[in-house]
Amino acid sequence: MTVLILPNDWFSCIVELGVDTSKPGIYQWEIDGAGIYIGKYTHFSRPLREYERNVLKMLTGRPYRPKKPDAWRRIHRELYAALTDGRAIKLTILENCSSEQLAARERQLIAERGTLNGRMPSN
């Protein structure tokens with residue numbers, strides 16, 4: 001059985017000055033030609049591993065979840081499309097915030113710039 005892995009450079013990663021990746025924070029995916037997705041993490045590995053795992057699932061035709069096979073979020077579809085099209089993908093770790101402030105700060109940044117947050121628009 002062949003195991004598919006993504007190249008190490010399928011996206012670039014920037015950690016803003018002063019951010020401590022061992023503390024909770026906010027991240028941003030920026031996809032050339034698609035937009036920006038804002039997310040939060042309590043463990044730094046989340047934005048690195050979760051999205052890679054979902055892109056790999058899409059590349060291999062596996063379902064999103066057993067009970068929701070086609071429930072891919074917009075960010076997953078856009079990451080997959082950018083990867084297959086050869087467009088630039090950048091992950092930026094923006095800032096730290098306390099666990100209590102994460103959800104509110106995430107909502108604020110989504111309102112300001114989160115063009116890819118949510119489901120794909122209907123046709």
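**Notebook: strands, helices and cores**

I began at one pair of residues: E30 stands opposite K90 in strand β4. Helices (H or I, at least four residues) and strands (E, at least two) are DSSP runs, numbered from the N terminus. Two strands count as paired if DSSP finds at least two bridges between them.

*Ground rules.* I note that this is a predicted model, that local features need pLDDT of at least 70 and side-chain atom pairs pLDDT 80 or more, while totals for chains, interfaces and linings use all residues. Residues are numbered from 1 along each chain as its sequence is written, and side-chain values use heavy atoms, with hydrogens and water left out.

*Confidence.* pLDDT is the predictor's confidence in each residue, from 0 to 100. I looked up the chain average, which is 92, with 93% of the residues scoring at least 70. Helix α1 (residues 45–59) has the lowest mean, at 93, and strand β4 (residues 89–96) has the highest, at 98. As a general caution, predicted coordinates should not be read in detail where pLDDT is low.

*The sheet.* In what order do the strands of the open sheet lie? I read the order of its 4 strands as β1-β4-β2-β3, with mixed pairing. β1 and β3 are at the edges with a single partner strand each, so one side of each has no neighbour in the sheet. On average, neighbouring strands are turned by 20° against each other, direction ignored.

I then went through the pairs. Strand β1 (residues 12–15) runs parallel to β4, joined by 4 bridges, and V15 stands opposite I93 there. Strand β2 (residues 25–31) pairs with β4 in the antiparallel sense over 7 bridges; in this pair I26 is opposite E95. β2 is also joined to β3 by 7 bridges, again antiparallel, with Q28 facing I38. I found 3 residues between β2 and β3, which form a hairpin, and in its turn G33 has a positive phi of about 80°.

*Two residues compared.* Is S12 of strand β1 buried or partly exposed? Buried means under 20% relative accessible area, exposed over 50%, and partly exposed in between (1.4 Å probe, protein chains only). S12 is at 36% relative accessibility, so I wrote it down as partly exposed. Contact means heavy atoms within 4.5 Å. Without its neighbours within four places in sequence, S12 is in contact with I89, K90 and L91. Its C-alpha atom is 9.9 Å from that of E30, and the two residues are 18 apart along the chain.

T92 is in strand β4, and I list it as buried because its relative accessibility is 4%. T92 touches I14, E16, I26, Y27 and Q28, not counting residues up to four places away in sequence.

*Helices.* I checked the span of α1: its 15 residues reach 21 Å from first C-alpha to last, close to the expected 21 Å. The expected span is 1.5 Å times one less than the number of residues. P47, E50, Y51, N54, V55, L56, K57 and M58 are buried in α1, and the buried residues of α1 pack against β2, β3, α2 and β4. Just after α1, G61 has a positive phi of about 75°.

For directions I used axes, which are lines fitted to C-alpha atoms (for helices, over the stretch in contact), with angles from 0 to 180 degrees between N-to-C directions. Helix α2 packs on the sheet, touches β2, β3 and β4, and makes about 45° with β2. Helix α3 (residues 102–113) lies across β2, β3 and β4 and runs at about 180° to β3. In β3, 6 of the 7 residues are buried.

*Nonpolar cores.* Such a core is a set of buried Ala, Val, Leu, Ile, Met, Phe, Trp, Tyr and Cys residues joined through side-chain atoms within 4.5 Å. Which residues have the most contacts inside the largest core? I found W10, Y27, W29, I75, L79 and I89, in a core of 19 residues. Two or more residues come from each of β2, β3 (35–41), α1, α2 (74–85) and β4. Another core lies apart from it and has 7 residues, among them I36, L94, C97 and L102.

I followed I89 further: beyond four places in sequence, I89 is in contact with W10, F11, S12, W29, E30, I31, L79, A82 and L83. In general, nonpolar side chains of soluble globular proteins tend to be buried together.
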